[in-house]
Amino acid sequence: MAEAADEEIGDRSGIPRPRETATLIGHGAAEAAFAEGIAAGRLHHAWLIGGPQGIGKATLAYRVARRLLAYPQGTGPAGLAIPDNHPIHGQVAGLSHPNLVALRRHKAHGAKTLPTKISVDMVRKALDLFASTATDSGWRICVVDSAEDLNANAANALLKVLEEPPPRALFLILAHQPGRLLPTIRSRCRAMILRPLADGEVAEAIRALPFAQPEESTLARAIGLAEGSVGRALGLVDPVTAGLVAEVETLLSRAANPDWGRVLKLAETLAGRDGEERFAAAGDAVLRFVSSELDRRQGEPVQRLAALVEVCEKFARSAREAASYNLDRRPVVLSLFADLSRAG
């Protein structure tokens, strides 16, 4: 019951998706834990793979899936690696294996935009995989990417299957913020929390990608701001995103007396259809700015610092709501600079 590989969030031209990436950089302990469970025949039915976005959670999940689908009867090599010429690579990359389903936000054929949430209907369609026996009596695997995208009804539908899983079913549930999941879902899963990558590992991952490499100075700056996330670093080496972040940083440095013409232009840029990842990069710049301001102004009265923290929290909350309900991002940007100018 494979799902067609329709267009999905986070697509970047020329950069392999996690399901197309055979090599995992970092996270050796996590990989060993899965390999030991497979070798011992005691693999838990549901794993919550948590950690910041862009550090390799999905790459790990699909690496586990390939290993189990390639050797469904428990044989095969030690570890998670499989031969480069094994046909399972293409089947997983294309989401064409009958025993694998990816539960994620994706643009269905004919649709103009990505959905803002994973709906209960999407979950039910994905779970059809578990209504019958696997084609080779092997594993049936569902990768949820990511759990934060599940709406309330979808989360409850997934929970029902996690509570009474069918034999040889495996759920690999990715979460950027595991604490925001339903406690009942978390309690049914074995937690595997991944840590941000070291700067050298981020550099290694980017240099391994088949695209024109950025200049060393550009790459070093991106890695320094990426906080261990390959995904963030890739966004920051994109010239358009890098220019946008530089503009955000300039406007924030003048937030006490905003240049409203430039702020409005920024808001228009971030409101575009392709603005989701750039909005996230701008949000990271806001958080860095507030953090540095709190350090710089730590001798000021607590009330003034509290006002700055409140502005940051309001912005983060508004950004989440805009993403969840597909709201216009322009008021979020304009409100941020208005609030910063009042906070001094």
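This briefing covers helix packing and nonpolar cores in a model that is predicted. The largest nonpolar core has 47 residues, and helix H12 (276-296) contributes the most to this core, with seven residues. Helices H8, H9, H10 and H11 are then taken in turn, with Leu266 as a link between the core and the H10/H11 contact.

**Nonpolar cores**

- Within the largest nonpolar core, the residues with the most contacts are Leu266, Val333, Phe337 and Leu340.
- Two or more residues of this core come from each of helix H7 (199-207), helix H8 (216-226), helix H9 (230-237), H10, H11, helix H12 (276-296), helix H13 (302-325) and helix H14 (330-343).
- Another core, of 35 residues, lies apart from this one and has Phe34, Ala70, Ala102 and Met192 among its residues.

**H10 against H11**

- Helix H10 spans residues 239-253 and helix H11 spans residues 260-270; their axes come within 11 Å and cross at roughly 145 degrees.
- The H10 and H11 crossing is left-handed.
- On the H10 side the contact is formed by Leu244, Glu247, Val248, Thr250 and Leu251, and on the H11 side by Arg262, Val263, Leu266, Thr269 and Leu270.
- Sorted by class, the residues of this contact are six nonpolar, two polar and two charged.
- Once neighbours within four places in sequence are set aside, Leu266 is in contact with Leu244, Val248 and Leu251, and also with Val333 and Phe337.

**H8: buried and exposed sides**

- The buried residues of H8 include Leu219, Ala222, Ile223, Leu225 and Ala226.
- These five lie on the same side of H8, because they cover an arc of only 165 degrees around the axis.
- Glu216, Ser217 and Gly224, on the other side of H8, are exposed.
- H7, H9, H10 and H12 are the helices against which the buried residues of H8 pack.
- Glu227 follows H8 and has a positive phi, near 55 degrees.

**H9: enclosure**

- H9 is largely enclosed by the rest of the structure, because six of its eight residues are buried, a state that means under 20% relative accessible area.
- The buried residues in question are Val230, Ala233, Leu234, Gly235, Leu236 and Val237.
- The cover over these buried residues of H9 includes H7, H8 and H10.

Notes:
Residues are numbered from 1 along each chain as its sequence is written. This is a predicted model: local features need pLDDT of at least 70, side-chain atom pairs count only at pLDDT 80 or more; totals for chains, interfaces and linings use all residues. Side-chain values use heavy atoms; hydrogens and water are left out. Axes are lines fitted to C-alpha atoms, for helices over the stretch in contact, and angles run from 0 to 180 degrees between N-to-C directions. Helices (H or I, at least four residues) and strands (E, at least two) are DSSP runs, numbered from the N terminus. A crossing is left-handed if the near helix is turned anticlockwise from the far one by less than a right angle, and right-handed if clockwise. Contact means heavy atoms within 4.5 Å. Ala, Val, Leu, Ile, Met, Phe, Trp, Tyr, Cys and Pro count as nonpolar, Asp, Glu, Lys and Arg as charged, and the others, Gly among them, as polar. A nonpolar core is a set of buried Ala, Val, Leu, Ile, Met, Phe, Trp, Tyr and Cys residues joined through side-chain atoms within 4.5 Å. Buried means under 20% relative accessible area, exposed over 50%, partly exposed in between (1.4 Å probe, protein chains only). The arc is that of the directions from the helix axis to the C-beta atoms.
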